[in-house]
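Work through the exercises below with the structure in view, and try each task before you read its solution.

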Amino acid sequence: TSDARTVRVTFEGSTERDLVNSLVLDDETSATLTINEIRENPLPRLEAVGRGTLLDELPPEVPVDVQLEAVQGEVRMNLAGVRLERLNLAQQTGDAFIDLPTYDPAFSRPEDTLGTLLLANGGMTIRVPATVAARFDMSASTGGDPTYDPEAYNLLFARDILEDRNIDTAEIVQRYNLAVSRSQLVVTVPEGDAD
């Protein structure tokens with residue numbers, strides 16, 4: 001109903017692909033927007049095939065749940081200014097870069113898991129603001145150890161949990177399940193955000 005509640009979606013890419021979207025008003029206060037990228041031809045013409053970019057701009061003051069399913073490519077999710085309640089990512093191949101917001105989910109308790117980040121093949125970098133205490137359950141992950149700051153995080157429980165050292169006293173706590181290659185996982189604090 002206003003510019004502050006506008007969702008903008010921009011797609012640049014192959015003419016062999018199309019976007020199909022639907023908006024369903026769940027009730028008077030919430031809606032579900034679904035965007036699918038569809039391949040129009042099972043055997044696309046080579047001259048029409050190319051890399052695509054899908055850019056979604058979400059309203060910063062409206063609480064949102066984000067679910068992204070990607071087959072291949074690079075995923076960049078800058079959620080720094082978003083009121084993120086839930087985040088689920090299921091990506092088959094490629095790298096993922098995720099900036100978590102400084103936001104205390106209004107519809108969850110600190111002990112609730114806020115979603116699952118799954119990356120079958122590729123590297124994942126998660127940037128966590130210094131004011132957020134994160135806990136990552138990696139029990140569904142494979143490989144060695146992740147890259148992280150040992151002064152900020154503890155690697156616990158047979159190397160399955162990566163947890164902020166201040167999680168018991170932090171005002172904002174975010175918990176996620178990870179299904180990734182631990183040795184290709186990087187957890188960091190954005191530059192200029194460290195204490």
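**Exercise 1.** How many cavities of 30 Å³ or more does the count come to?

Solution. The model is a predicted one, and by the rule used here the count comes to one cavity of 30 Å³ or more. The next step is its volume: about 30 Å³ of space lies in the largest cavity. The last step is to list the lining, which consists of Asp 104, Pro 105, Ser 108, Arg 109, Pro 110, Leu 114 and Val 173; sorted by class, this lining has four nonpolar, one polar and two charged residues.

**Exercise 2.** Decide whether Arg 135 and Glu 163, which form a salt bridge, are buried or exposed.

Solution. Begin with the contact itself, in which the closest N and O atoms of Arg 135 and Glu 163 are 2.9 Å apart. The pair links distant parts of the chain, since Arg 135 lies in strand S11 (residues 132-137) and Glu 163 in strand S13 (residues 161-164), 28 residues apart. Now apply the cut-off, by which buried means under 20% relative accessible area. Arg 135 has 19% relative accessibility, so Arg 135 counts as buried, and Glu 163, at 16%, therefore counts as buried as well.

**Exercise 3.** Find which residues are joined with Arg 109 into one network by salt bridges that share partners.

Solution. Start from the salt bridge in which the side chains of Arg 109 and Glu 111 meet, at 3.6 Å from N to O. Arg 109 is exposed, with a relative accessible area of 52%, whereas Glu 111 is partly exposed, at 47%. Shared partners then join Arg 109, Glu 111 and Asp 112 into one network.

Notes. Residues are numbered from 1 along each chain as its sequence is written. This is a predicted model: local features need pLDDT of at least 70, side-chain atom pairs count only at pLDDT 80 or more; totals for chains, interfaces and linings use all residues. Side-chain values use heavy atoms; hydrogens and water are left out. On a 1 Å grid over the protein atoms alone, a cavity is a set of points where a 1.4 Å probe fits but cannot get out, and a pocket is an open set with protein on both sides within 12 Å along at least five of seven lines; lining residues have an atom within 4 Å of a point. Grid points are joined across faces, edges and corners, and a volume is the space filled by probe spheres set on the points. Ala, Val, Leu, Ile, Met, Phe, Trp, Tyr, Cys and Pro count as nonpolar, Asp, Glu, Lys and Arg as charged, and the others, Gly among them, as polar. A salt bridge is a side-chain nitrogen of Lys or Arg within 4 Å of a carboxyl oxygen of Asp or Glu. Buried means under 20% relative accessible area, exposed over 50%, partly exposed in between (1.4 Å probe, protein chains only). Helices (H or I, at least four residues) and strands (E, at least two) are DSSP runs, numbered from the N terminus.
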